[in-house]
Amino acid sequence: MKHLRNLRIALAVIAIMVMPACALAAPITINWWHAHGGILGEKVNSICEGFNKSQTAYQVVPTYKGSYADTMTAGIAAFRAKNPPHILQVFEVGTATMMAAKGAVKPVYEVMKQSGLPFDPNAYLPTVTGYYTTMDGKMLSMPFNSSTAILYYNIDAFKKAGLDPAKPPKTWPALGEAAKKLVAAGASPVGLSSSWNGWIHLENFGAWHNVPFGTKANGFGGLDARYTFNSPLYVKHIQQLADWQKDKIFIYGGRTDLGNAKFNSGEVALYTASSASYAGFKKTCQFEFGTAMLPYLPDQKGAPQNTIIGGASLWVLNGFKPEEYKGVAAFFNYISSPEVMADWHQFTGYLPITTAAYELTKKQGFYEKNPGTETALLQMILNKPTENSKGIRFGDHAKTRDIMDNEFEAIFAGQKTAKQGLDDAVKAGNELLVKFEKANK
Amino acid sequence: MEKRVVFRKKFLPYILVAPQIIITVVFFIWPASQALYQSVLQEDAFGTSSNFVWLDNFIDLFSSSEYLHSFYVTLVFSFSVAGLALTVALLLAVMADRAIRSATAYKTLIIWPYAVAPVVAGVLWYFLFNPTVGMMAFFLRQLGVNWNHTLNGGQAMALVIIAAAWREISYNFLFFLAGLQAIPHSFIEAAAIDGAGPWRRFWTIVFPLLSPTAFFLIVVNIVYAFFDTFGVIHALTRGGPSYATNILVYKVFNDGFINLDLGGSAAQSVILMLVVISLTVIQFRFIERKVHY
């Protein structure tokens with residue numbers, strides 16, 4: 001009897017699942033491979049569901065493919081096997097690789113133009129889209145989740161050390177002084193740590209101080225660009241961090257965002273990290289914390305400029321029918337709509353990609369209710385981006401990040417000076433660029 | 001005299017070996033030939049443009065100090081893993097062989113870690129030794145050891161060696177225990193009657209009789225440490241700090257799948273293929289013959 005009942009239920013479920021498909025003309029399926037697991041993955045699914053319910057012509061199917069690197073590798077393997085997804089999420093360091101893959105990628109501006117749907121590139125925040133735009137302003141990929149580097153600080157520890165929590169340090173020397181006080185007062189064992197050292201203390205550091213990270217407008221100007229992040233200002237900053245280790249002002253937190261544990265466990269009271277870490281800290285920190293703009297070196301003219309983004313964007317792959325691209329365009333319009341984008345921004349801490357979504361969030365009073373969530377945006381739009389602060393675009397940059405990590409470890413372990421380490425990183429990175437230029441001629 | 005069985009029908013033997021041949025071709029010969037082919041190409045990640053570059057990829061490798069350093073790291077890592085896994089397993093096997101009560105329980109517990117996937121093992125050890133929140137790191141700090149494997153290359157190496165060996169101990173233990181139990185008790189009893197103590201009995205009787213097992217395990221362990229440990233490295237150190245644990249097989253994975261340098265990665269796997277072929281030759285040619293059974 002029980003078996004029979006189970007069978008009936010199963011049949012009913014199948015019937016319910018099949019019926020709508022039979023009743024309507026089958027919608028065109030759009031595959032989207034992304035790298036958001038956990039809560040973010042559920043959010044991605046609900047965005048797609050919202051789009052699928054809003055119309056009947058297209059069905060976006062999101063698939064979680066693992067980490068950024070896993071997703072990109074899976075997309076590339078699928079392209080080679082001639083079975084790619086329509087939309088592939090690629091992290092920012094993969095941008096140059098995607099751009100160089102002519103024939104594999106269909107630029108977003110083309111997709112939007114051919115779809116005939118309304119598309120206004122000026123509706124997007126230039127500091128966000130700039131990273132994914134050509135020199136002459138053509139948008140190549142659709143930014144989806146972008147964040148930037150900011151400073152987090154432990155308000156409880158600040159109070160304990162007699163520091164004013166309303167006035168977080170604005171410059172690096174001021175941060176050094178604050179860290180000394182924190183350690184001396186026993187408010188935290190160490191002052192400062194950081195996640196994503198290469199991204200924050202080299203890439204963002206360069207943009208924030210308006211110094212070039214590489215030649216040819218940070219690589220936007222062509223494949224023959226080379227790295228220059230061993231210039232004196234970078235060396236000065238990294239050497240300072242290394243020297244600060246002795247006085248417990250700074251401690252190396254490990255690669256990627258492994259150092260997060262140092263901040264939420266209270267080992268450090270100052271922490272430079274992605275603005276997208278906000279939600280995680282909100283959940284894990286058992287103390288009050290605040291956010292501030294990244295510190296800068298006060299004697300550098302032009303600082304602070306603006307910071308650059310990290311995160312990922314959506315690339316459209318080649319080889320599909322025009323009506324499928326129309327579906328992709330419709331979906332991109334949907335996620336760029338103020339309501340969807342504002343909701344994504346508020347839920348995740350990623351930057352909104354359109355001005356309208358930003359305005360909407362402001363109007364809803366989100367920033368007043370959640371102090372600290374606007375810091376990243378204010379920092380991004382502080383000044384009109386220059387050649388040095390629009391972003392960076394170098395081939396094989398993921399590997400260069402790897403090289404930076406290894407050199408950072410040599411510097412912070414005292415095996416090399418900052419000058420030696422950065423010189424070696426630039427040398428190894430430039431060898432990759434030469435190889436990349438050769439392979440993509 | 002050898003006994004020969006001859007098939008009457010001509011095709012039957014071919015049909016019988018066909019499944020094995022097909023599996024070898026599909027899962028070994030074909031991928032290996034692809035690796036050989038890719039190792040002489042330089043292409044973009046999507047394969048839309050590719051240049052034949054002769055042996056440039058190999059020349060690049062051997063002129064890179066990072067790669068040569070990786071060789072050195074791999075040797076240190078592999079021999080340490082094999083050495084640690086073998087000695088600890090032998091010790092445990094000798095003790096388990098003597099245990100009379102609840103011997104099965106000990107054995108089961110010791111064999112367990114082998115069922116743990118390398119990446120999971122890596123994560124377990126990662127949490128134990130995490131410099132900020134790890135329990136072992138905390139105890140070490142109490143003992144005055146400044147544990148920070150994210151910066152200290154020596155500590156990172158020690159950690160990955162322990163994590164990689166931990167799992168292999170179970171495997172070695174099984175073989176050693178079987179080997180110990182195959183040694184006739186009369187030998188040991190005879191030696192005991194002649195007045196040999198336990199230490200002497202072990203080194204003059206048990207150990208030589210175990211040598212075939214030990215040599216087999218040495219080769220298996222080194223092959224494991226060379227090729228099967230990238231999960232542990234990935235979960236624990238990602239080759240860092242400053243290339244201190246960047247073993248060859250991790251570099252293949254990292255360059256190929258993370259950094260998408262397919263040509264360079266293929267060239268590295270060709271070199272690794274040569275290493276494993278020579279290890280196998282050594283095993284069959286020399287060790288199997290020299291060891292007395």
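**Exercise 1. In which sense do strand 1 and strand 3 of chain A run, and how many bridges join them?**

Solution. Begin by finding strand 1 at residues 28-34 of chain A in this predicted model. Strand 1 and strand 3 of chain A run parallel, and two bridges join them. To see the pairing at the level of residues, look for W33(A), which stands opposite L88(A) in strand 3 of chain A. As a next step, turn to strand 9 of chain A, which pairs with strand 3 of chain A in the antiparallel sense over five bridges. Within that pairing, F91(A) stands opposite A312(A) of strand 9.

**Exercise 2. Work out which residues of strand 3 of chain A lie on each side, and decide whether they are buried or exposed.**

Solution. The first step is a general rule: in a regular strand, side chains alternate between the two faces of the sheet. The second step is to sort the residues of strand 3, which covers residues 87-91 of chain A. I87(A), Q89(A) and F91(A) lie on one side, while L88(A) and V90(A) lie on the other. The third step is to apply the cut-off, by which a residue is buried if 20 or more other C-beta atoms lie within 10 Å of its own. Both faces of strand 3 turn out to be covered, and five of its five residues are buried.

**Exercise 3. Which strands of chain A pair with strand 5 of chain A, and over how many bridges?**

Solution. Start with strand 5 itself, which spans residues 142-154 of chain A and is mostly covered, with 13 of its 13 residues buried. Then take its partners in turn:

- Strand 9 (residues 309-317) of chain A pairs with strand 5 in the antiparallel sense over six bridges, and P143(A) stands opposite S313(A) in strand 9.
- Strand 7 (residues 268-274) of chain A is antiparallel to strand 5 and pairs with it over five bridges, with L151(A) opposite T272(A) of strand 7.
- Strand 8 (residues 289-292) of chain A, again in the antiparallel sense, pairs with strand 5 over four bridges, and here Y153(A) stands opposite G290(A).

**Exercise 4. Where do the two domains of chain A touch, and which helix supplies the largest share of the domain 1 side?**

Solution. First set out the division, in which domain 1 of chain A takes in 2-146 + 310-368 and domain 2 takes in 147-308 + 371-439. The C-alpha centres of these two domains lie 30 Å apart. Next consider the contacts, where 21 residues of domain 1 of chain A meet 29 residues of domain 2 of chain A. On the domain 1 side, at least two residues each come from helix 4 (95-100), helix 6 (126-129), strand 9 and helix 17 (366-369) of chain A. The largest share, four residues, comes from helix 4 of chain A. Finally, sorting this side by class gives 11 nonpolar, 10 polar and no charged residues.

**Exercise 5. Describe chain B, and then the side of chain B that touches chain A.**

Solution. Count the elements first: chain B has 12 helices and two strands, and along the sequence these follow the pattern α-β-β-α-α-α-α-α-α-α-α-α-α-α. The C-alpha trace of chain B spans about 75 × 75 × 30 Å along its principal axes, and 33% of its 293 residues count as buried. Now turn to the interface, where 25 residues of chain B are in contact with 32 residues of chain A. Strand 1 (41-43) and helix 11 (248-258) of chain B each supply at least two residues of the side that touches chain A. Divided by class, the residues of that side of chain B are nine nonpolar, 12 polar and four charged.

Technical notes. Residues numbered from 1 in each chain as written. Chains lettered and ligands numbered in written order. Predicted model: local features only at pLDDT ≥ 70, side-chain atom pairs only at ≥ 80, totals over all residues. Buried ≥ 20, exposed ≤ 12 C-beta atoms within 10 Å, placed from the backbone. Pairing = 2+ DSSP bridges. Contact = placed C-beta atoms within 7 Å. Nonpolar A, V, L, I, M, F, W, Y, C, P; charged D, E, K, R; others polar. Domains from an automatic or database assignment.
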